[in-house]
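Please open the structure in your viewer and keep the selection panel at hand, since this tour goes from one selection to the next. At each stop you will be told what to select and what to look for there.

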Amino acid sequence: MAAQTAAFLLTVKAVKLNNEHPFTWASGRKSPIYCDNRVTLSYPEIRTFIRQRFVDIVNETWGDVDVIAGVATGGIAQGALVAQELGKPFVYVRSEQKNHGLTNQIEGEVHEGQSVVVIEDLVSTGKSSLIAVKALREKGCHVKGMAAIFTYGLEVAAKNFEQEKVELVTVTDYDTLVKVAQENEYVRPTDLDSLAAWRSNPEKWSDDHMNA
């Protein structure tokens, strides 16, 4: 399932790999990988495949749950699809409270004591994803865990999730993606060391390529 998902992401260019011409992230950092999983929503077969994998993860890992929550913005559509399939209420969580209207951070209804699984499209450092967990916990919810389409597998993310005691399960991951990319000739064998170096130390990789 992880390899098939990675193949889908590469096929529709939801994930792009390029060592020679790195991408610039919003932070200004350079990276050989760029991920926009929202692209998958335009492909019904892939959208359904990912939704069903999310449903399987929720059922197999956490069992029954009261509410599905999506992380704004990438996790909103995915979370709604999962909630619909499971027949569960859905909410989504902003990165911060609105500064107008009802000033909500959580859109939709949750109640103290409810169990929640959070749906995310992508995990990098995990900080923005864990903001959603914090907001739900502050409402008195029991967050059983988080499921995401893809993770870069960065050490900092693992530490952040461990620190906040949140179980993260992903449909696919960086190592699987790179392996599938190599097998299908999306990258050259000579690119592999650079891709591994980025995952090991993204900041140093970025600095080296910014100064190159």
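How many of the 9 residues of strand E8 (residues 115-123) are buried? Bear in mind throughout that you are looking at a predicted model. Select residues 115-123 and show the surroundings of the strand: 8 of its 9 residues are buried, and strand E8 is thus mostly covered.

**The sheet around E8**

Now widen the selection to the sheet, an open one in which 6 strands follow the order E7-E6-E5-E8-E9-E10, with mixed pairing. At the edges stand strand E7 (106-107) and strand E10 (168-173), and because each has a single partner strand, one side of each is left without a neighbour in the sheet.

Go next to one partner of E8, strand E5 (residues 67-71), which pairs with E8 in the parallel sense over 4 bridges. To see how the two strands line up, pick isoleucine 68 and look for valine 117 in E8, which stands opposite; then pick glycine 70, which has isoleucine 119 of E8 opposite to it.

On the other partner, strand E9 (residues 142-151), you can follow 8 bridges that join E9 to E8, and these two strands run parallel. A helpful pair to label here is valine 118 and methionine 146 in E9, which stand opposite each other. If you trace the chain from E8 to E9, you pass through helix H4 (residues 127-138), and this β-α-β crossover is right-handed.

Before leaving E8, select leucine 122, which has its place in this strand. Apart from neighbours within four places in sequence, leucine 122 is in contact with Cys35, Asn37, Ser129, Phe150 and Tyr152. With the distance tool, you can also compare leucine 122 with alanine 132: they are 10 residues apart in sequence, and their C-alpha atoms are 13 Å apart in space.

**Strand E5 and its coverings**

Return to E5 and colour its residues by burial: 5 of the 5 are buried, so the strand is largely enclosed by the rest of the structure. Turn the view to see both faces, for Val67, Ala69 and Val71 lie on one side and Ile68 and Gly70 on the other, and all of these are buried.

Then add strand E6 (residues 90-93), which pairs with E5 in the parallel sense over 4 bridges, and label alanine 69 and valine 91 in E6, which stand opposite each other. Show helix H3 (residues 74-86) as well, which packs on the sheet and touches E5, E6, E8 and E9, while its direction makes about 165 degrees with that of E5. Helix H4 also packs on the sheet, touching E5, E6, E7, E8 and E9, and the direction of H4 makes about 165 degrees with that of E8. Taken together, E5, H3 and E6 make a right-handed β-α-β unit.

**Three places in the loops**

Zoom in on the loop between E5 and H3, where you will find threonine 73. The peptide bond that joins alanine 72 and threonine 73 is cis, with omega about 0 degrees.

Move to the loop between helix H1 (2-11) and strand E1 (15-17), which is the place of lysine 13. The phi of lysine 13 is near 60 degrees, a positive value in a residue other than glycine. Is this lysine 13 buried or exposed? Lysine 13 is exposed, with a relative accessible area of 53%.

Then select lysine 165, found in the loop between helix H5 (155-163) and E10. Lysine 165, although not a glycine, has a positive phi of about 55 degrees, and at 70% relative accessibility lysine 165 counts as exposed.

**A pair of helices**

For the last stop, select helix H6 (residues 174-183) and helix H7 (residues 192-200), whose axes come within 12 Å and cross at roughly 170 degrees. That crossing angle makes H6 roughly antiparallel to H7, because angles over 145 degrees count as such. Show the side chains between them: Tyr174, Asp175, Val178 and Gln182 in H6 meet Leu192, Leu195, Trp198 and Arg199 in H7. Coloured by class, this contact of H6 with H7 has 5 nonpolar, 1 polar and 2 charged residues.

How values were computed: Residues are numbered from 1 along each chain as its sequence is written. This is a predicted model: local features need pLDDT of at least 70, side-chain atom pairs count only at pLDDT 80 or more; totals for chains, interfaces and linings use all residues. Side-chain values use heavy atoms; hydrogens and water are left out. Axes are lines fitted to C-alpha atoms, for helices over the stretch in contact, and angles run from 0 to 180 degrees between N-to-C directions. Angles under 35 degrees count as roughly parallel, over 145 as roughly antiparallel, 65 to 115 as roughly perpendicular and the rest as oblique. Contact means heavy atoms within 4.5 Å. Ala, Val, Leu, Ile, Met, Phe, Trp, Tyr, Cys and Pro count as nonpolar, Asp, Glu, Lys and Arg as charged, and the others, Gly among them, as polar. Buried means under 20% relative accessible area, exposed over 50%, partly exposed in between (1.4 Å probe, protein chains only). Two strands pair if DSSP finds at least two bridges between them. A crossover is right-handed if, with the strands pointing away from the viewer, the path from the first strand over the helix to the second runs clockwise.
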